[in-house]
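Q: Can you walk me through this one? I'd like to go over strands, cysteines, salt bridges and helices.

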Amino acid sequence: MTKEMPFYINPMDGECLKSPFLFPLPRKCGYERNIRGTPYFVDGASRPGNTRILFKYTISGEGELALNGKCRRLRSGDAFLVEVPGNYVYRLPEDSASWEFLYLVFWHPQALEIFRDIIAECGNIFRLNPDGIVIQKAWTLFRLFRSGEINDKYAASLSAWEFLMNLCREAGRNDEDLRNGLVPMVDAYCSSRMESPVTVEDLARHCGYSRGYFSRRFQKECGIAPLDYVMKRKLEHALKLMAGGRIGIKELAFRCGFSDQGYFTRRFRRYYGMSPTRYISTIYR
């Protein structure tokens, strides 16, 4: 079996430097699967061309990156950012059967500055969720470039911008955040938006995951569905507001993110066994 290495150039390559709205778009998207017996070794210092940033995400197998005097094994879920040219090497190790990866190359000066900030704050290597928004958007760009035509340049640029911003978020999570799991992140999000509706899509986006992956992981960690947890948080917030002084039901519903007073009342009764009006009367009689 020969190695696979298709790559595609941005169909709008010539227009990106002229438009202030297209700078997030990469210049190239590619996929490779290198296999044992086919040498694969890249010396970053010897790569010619203009300055650019390489994003590479390991899909399967194992690769290796030697950088800053350290050698790091790259496994499924590992990604790295490096500036090209640069003082590093990456390769297929002799004991690895294969290394399959997706990569994007960015060259616009404004995009380079964002990537440099990510590297300065988060380092060159980090783990990414295979079902998360970062990888979803990377594949979206890959498929767009493969088609050879971009019908909506602003939608394409938005996908690239979402890739960038979610990469900032996901790469920036420290080990303690990951150990603590999703619940603290969801709690913080709910607390800052208690007066607004919160959807599963909102929570998944905040945590950097797809809706399906987020829902499954949250259910596993917390034992209840995300929306049930959000409802629990909002109703607990309602109790705190009631304890703080007399408050009308309409205002109470609004301050807990319910646009429908009747729906708030029904959910409160189902959860606490009495209406909010009766609950208030019991604590202030």
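Q: Is strand 2 enclosed or open, and why?
A: Strand 2 (residues 28–35) is largely enclosed by the rest of the structure, because 6 of its 8 residues are buried. Buried means under 20% relative accessible area, exposed means over 50%, and partly exposed is in between (1.4 Å probe, protein chains only). Strands (E, at least two residues) and helices (H or I, at least four) are DSSP runs, numbered from the N terminus.

Q: Before we go on, what kind of model is this?
A: This is a predicted model: local features need pLDDT of at least 70, side-chain atom pairs count only at pLDDT 80 or more, and totals for chains, interfaces and linings use all residues. Residues are numbered from 1 along each chain as its sequence is written, and side-chain values use heavy atoms, with hydrogens and water left out.

Q: OK. Which way does strand 1 run against strand 2?
A: Antiparallel. Strand 1 (residues 7–9) is joined to strand 2 by 3 bridges. Phe 7 has Gly 30 as its bridge partner in strand 2. Two strands pair if DSSP finds at least two bridges between them.

Q: And how many bridges between strand 2 and strand 9?
A: There are 8, again in the antiparallel sense, with strand 9 covering residues 98–106. Cys 29 stands opposite Leu 104 in strand 9.

Q: Cysteines, then. How many disulfides does the structure hold?
A: The structure holds 0 disulfides. The cut-off is a pair of cysteine sulfur atoms within 2.5 Å. Cys 29 is in no disulfide, and the nearest cysteine sulfur, that of Cys 16, is 11 Å away.

Q: Is Cys 29 buried or exposed?
A: Buried, with a relative accessible area of 0%.

Q: Why no bond for Cys 222?
A: Because the closest cysteine sulfur, in Cys 190, is 11 Å from the sulfur of Cys 222, too far for a bond. Cys 222 is partly exposed, at 27% relative accessible area.

Q: Switching to strand 7. How many of its residues are buried?
A: 6 of the 7 residues in strand 7 are buried, so mostly covered is a fair description.

Q: What does strand 7 pair with?
A: Strand 4 is joined to strand 7 by 6 bridges, running antiparallel. Strand 10 (residues 125–127) pairs with strand 7 over 3 bridges, in the antiparallel sense. Ala 79 in strand 7 stands opposite Tyr 57. In strand 10, Ala 79 has Phe 126 as its bridge partner.

Q: How many salt bridges in the whole structure?
A: A search finds 17. A salt bridge here is a side-chain nitrogen of Lys or Arg within 4 Å of a carboxyl oxygen of Asp or Glu.

Q: Give me one. What does Glu 62 meet?
A: Its partner is Arg 73, at 2.6 Å, N to O. The pair links distant parts of the chain, 11 residues apart: Glu 62 sits in the loop between strand 4 (52–61) and strand 5 (63–67), and Arg 73 in strand 6 (residues 70–74).

Q: How accessible are those two?
A: Glu 62 counts as partly exposed at 24% relative accessibility. Arg 73 counts as buried at 18%.

Q: Where does Arg 116 bridge to?
A: To Glu 83, at 3.0 Å, N to O. Arg 116 is in helix 2 (residues 109–122) and Glu 83 in strand 7 (residues 78–84), 33 residues apart. Arg 116 counts as partly exposed at 30% relative accessibility. Glu 83 does too, at 29%.

Q: What about Arg 217?
A: Arg 217 forms a salt bridge with Glu 221, with the closest N and O atoms 2.9 Å apart. Both lie in helix 8 (residues 211–222), 4 residues apart, about one turn of the helix.

Q: Which residues form a network?
A: Glu 62, Glu 64, Arg 73, Arg 75, Arg 91 and Asp 95 are joined into one network by salt bridges that share partners.

Q: Last topic. How far does helix 9 reach?
A: Helix 9 (residues 226–243) has 18 residues and reaches 26 Å from its first C-alpha to its last, close to the 26 Å expected at 1.5 Å a residue. That expected span is 1.5 Å times one less than the number of residues. Buried residues in helix 9 include Tyr 229, Arg 233 and Leu 241. Gly 245 follows helix 9, and its phi is positive, near 150°.
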